[in-house]
Amino acid sequence: MIIIIQISNLTKTYVSEKKETKVALNDINISLPNNGMCFIIGKTGCGKTTLLNMIGKLDTFEKGSIVVDNVDIKTLSEKEADGYRSKYIGFIFQEYNLLEN
């Protein structure tokens with residue numbers, strides 16, 4: 001099996017306006033193959049969307065790595081990230097993100 005997405009020791013935290021720290025993802029490790037289907041399931045607020053946003057390089061993370069096709073996406077420039085998303089990632093946003101008109 002060829003692994004195309006390797007997530008290692010991924011950690012994401014948020015700090016609220018009240019300066020409270022919320023850990024969204026804590027030391028996540030996942031290997032996703034280059035074929036078939038994978039499902040990310042869990043309760044509301046468990047970090048599913050956060051994880052997908054980080055895989056799509058729409059959000060940042062404090063610790064760990066996401067390697068796609070042997071490239072650590074944390075090192076990509078904005079222009080390179082656009083190309084990465086064009087080649088590897090497709091989005092269906094839960095809030096639609098459509099223009100009003």
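**Exercise 1. Place S31 and describe its surroundings.**

Solution. S31 lies in strand β2, where a strand is a DSSP run of E with at least two residues, a helix is a run of H or I with at least four residues, and both are numbered from the N terminus. The model is predicted: local features need pLDDT of at least 70, side-chain atom pairs count only at pLDDT 80 or more, and totals for chains, interfaces and linings use all residues. Residues are numbered from 1 along each chain as its sequence is written, and side-chain values use heavy atoms, with hydrogens and water left out.

Next, accessibility: S31 has a relative accessible area of 39% and is partly exposed (buried is under 20%, exposed over 50%, partly exposed in between, with a 1.4 Å probe and protein chains only). Then the neighbours: the side chains of S31 and Q6 are joined by a polar contact of 2.6 Å. Such a contact is a pair of N or O atoms within 3.5 Å; within protein, one must be able to donate a hydrogen and the other to accept it, and residues adjacent in sequence count only if both atoms are side-chain atoms. S8 is 23 residues from S31 in sequence, with 8.5 Å between their C-alpha atoms.

**Exercise 2. Classify the aromatic pair of the structure.**

Solution. A pair of aromatic rings is described by the distance of the centres and the angle of the planes. Rings of Phe, Tyr and Trp (its six-membered ring) pair if their centres lie within 6.5 Å; planes under 30 degrees apart are stacked, over 60 edge-to-face, and the rest tilted. The structure holds one such pair. Y84 and Y88 have ring centres 5.8 Å apart and planes at 40°, so the pair is tilted.

Now the setting: both residues belong to helix α2 (residues 78-88), and because they are four residues apart, about one helical turn separates them. Y84 is buried at 6% relative accessibility, whereas Y88 is partly exposed at 29%.

**Exercise 3. Locate D69 and N70, and state the sign of phi for each.**

Solution. First, location: D69 sits in the loop between β3 (63-68) and β4 (71-72), and N70 is found in the loop between β3 and β4. Second, the backbone: phi is positive at D69, about 50°, and also positive at N70, about 70°. Neither D69 nor N70 is a glycine. Third, accessibility: D69 is partly exposed at 37%, while N70 is exposed at 74%.
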